[in-house]
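Subject: Structure handover and notes

Dear colleague,

Here is the structure I promised to pass on to you, with the sequence alongside. Please open it next to this message, since the notes that follow go through it element by element.

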Amino acid sequence: MSRQAERIRKLDARYLNPGVGPVEPLVWDHALGSVITDADGREYIDLASGTLITNLGHAHPRVVAAVAEAAARSLAFYNCSHAGRAELARRLAELTPGDLERSAFFSSGSEAVDAAVRLARLHTGRTEIVSFAGAFHGRSFTSLSVSGLGRLRQGFGPGLPGVIHAPYPDGSVTSDDGLDAVRDVLAAESGGDVAAILAEPYQGAGGVIIPPPGFLAGLRKLADELGALLIVDEVQSSYGRTGPMFATGLTGVVPDIMLLGKAMGNGYPVSAMIARPEVCVTVRPEQFSSSHSGNPGGCAAALAVLDAFAAEDVLGAGRRLAELFASRLNVIAKQPRVVQVRQQGLAIGVETENADDAKRVVASLRSRGILLNAPIGRTGSVLRLAPALTMPHDLAARALDALEAVL
């Protein structure tokens, strides 16, 4: 480690809250496309997209130029109308399914989740939120409360009242079985006061758990039966991660509220809550505004991302890259220490036998110049592969060669 890198690590250790301190021993300097360069000049192939953020690759020129132009004009706007926010809301209304057309913008997925919970309670006059074991919706108080990974809540005390966690089915059961399990939990725990069902199209941090076909459609029907809203958290699953622009495109389901974030700004912090008009009829001015919501920089980045998807065949590139990964993962799945490989587009989980194996794989790959996020899943035994949709195939092949060799 160079003196500069060592100095940065020491400053982190001295001044950062340990709760936000780096887990990786990497001192980041810059990144371009699917290659990260550390403070010592060493290059790494990014198999994480900066935690599913840079679906277009790092420092995409459209996004860089748009943010620079916005910054030169102004990044603060007093919650006034401005062209970027109006145009982004219009574009999202055109792209999202059904009549999802009322947007509120924020800076993180956690904020969008918090807003969706508040909107559901405001609209229905009810309080209960049905979420799922293994779910991840963020790290604010509300988003942690509706998440289903207990280790993330350790030491924080009781969560938000009225949250009910149901089991989330994997591909080993039918959608009917999964829905029956949800109904059983409601029969035991709900007081008949359900405001919303909150679900991910696939569980990301829970271990890339892909539900059986028909499960999300079943939740849509169940929400209607209960007189509740269906909230679909697409913060991780959208912008081509699972194949189509939005993962709901795989199911035909139209939620009452859709949440976007992460890849929405390709690295610039921006998120959205998009709701059906009838869900917003009871909303009063400024109930969902904040200092940075809809700021010009975030809107400019989000619009540039949409422009890139429209002009550069990003979804096509993602599908072709997913096919390459699928062909190689069929071989990797046969490795003796691999329990299962799960893939939906470029959302990929490689489950190992235990957490120690997974950590060793991540560390060994890093030593070979391949970067993954820390292992995920309820027991920390799942390797998450989430390359940029635009990753060159030669880089993908090198990364997969290394993964196969390490396993």
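The sheet to look at first is an open one of seven strands with mixed pairing, in which the order runs β4-β10-β9-β8-β7-β5-β6. Its edge strands are β4 and β6 (163–166), each of which pairs on one side only, and neighbouring strands of the sheet are turned against each other by 20° on average, with direction ignored. Please keep in mind throughout that this is a predicted model, and that the values quoted here were computed from it.

Within that sheet, β10 is the strand I would like to describe in most detail. Strand β10 covers residues 271–275 and is mostly covered, five of its five residues being buried. As a general point, the side chains of a regular strand alternate between the two faces of the sheet, and in β10 both faces are covered: Ser271, Met273 and Ala275 on one side, and Ala272 and Ile274 on the other, are all buried.

Which strands pair with β10, and in what sense? Strand β4 (residues 102–106) pairs with β10 in the antiparallel sense over five bridges, and Phe105 stands opposite Ala272 of β10. Strand β9 (residues 257–260) is joined to β10 by four bridges, and these two strands also run antiparallel. Along the β9 pairing, Ile257 stands opposite Ala275 of β10, while Leu260 stands opposite Ala272 of β10.

Two helices lie across parts of this sheet. Helix α4 (residues 83–95) lies across β4, β9 and β10, and runs at about 125° to β4. Helix α7 (residues 175–189) lies across β5 (128–132), β6 and β7 (194–199), and runs at about 145° to β6.

There is also an open sheet of four strands, again with mixed pairing, whose order is β1-β2-β3-β13. Here the edge strands are β1 (28–32) and β13 (370–371), each pairing on one side only. Strand β2 (residues 35–38) runs antiparallel to β1 and is joined to it by four bridges, with Leu32 standing opposite Val35 in β2. Helix α12 (residues 393–406) packs on this sheet, where it touches β2, β3 (43–46) and β13, and the direction of α12 makes about 95° with that of β3.

Turning to helix against helix, the axes of α3 (residues 61–73) and α9 (residues 296–311) come within 8 Å and cross at roughly 150°, which means that α3 is roughly antiparallel to α9. The crossing in which α3 passes α9 is right-handed. On the α3 side the contact is made by Arg62, Val63, Ala66, Val67 and Ala70, and on the α9 side the residues making it include Pro296, Gly297, Ala300, Ala301, Ala304 and Val305.

Since cysteines often come up at the bench, how many disulfides does the structure hold? The structure holds zero disulfides. For Cys280, the closest cysteine sulfur is that of Cys299, and at 17 Å it is too far for a bond. For Cys299 itself, the closest cysteine sulfur is in Cys80, and this pair is also too far for a bond because the sulfurs are 13 Å apart. Cys299 counts as buried, at 1% relative accessibility.

Finally, two residues deserve a look for their backbone angles. Most residues other than glycine have a negative phi. Ser49, however, is a residue other than glycine with a positive phi, near 50°, and its place is in helix α2 (residues 49–52). Glu286 is not a glycine either, yet has a positive phi of about 70°, and it sits in the loop between β10 and α9. Are these two residues buried or exposed? Ser49 counts as buried, because its relative accessibility is 1%, whereas Glu286 is exposed, with a relative accessible area of 64%.

With best wishes

Key. Residues are numbered from 1 along each chain as its sequence is written. This is a predicted model: local features need pLDDT of at least 70, side-chain atom pairs count only at pLDDT 80 or more; totals for chains, interfaces and linings use all residues. Side-chain values use heavy atoms; hydrogens and water are left out. Buried means under 20% relative accessible area, exposed over 50%, partly exposed in between (1.4 Å probe, protein chains only). Two strands pair if DSSP finds at least two bridges between them. A disulfide is a pair of cysteine sulfur atoms within 2.5 Å. Axes are lines fitted to C-alpha atoms, for helices over the stretch in contact, and angles run from 0 to 180 degrees between N-to-C directions. Angles under 35 degrees count as roughly parallel, over 145 as roughly antiparallel, 65 to 115 as roughly perpendicular and the rest as oblique. A crossing is left-handed if the near helix is turned anticlockwise from the far one by less than a right angle, and right-handed if clockwise. Contact means heavy atoms within 4.5 Å.
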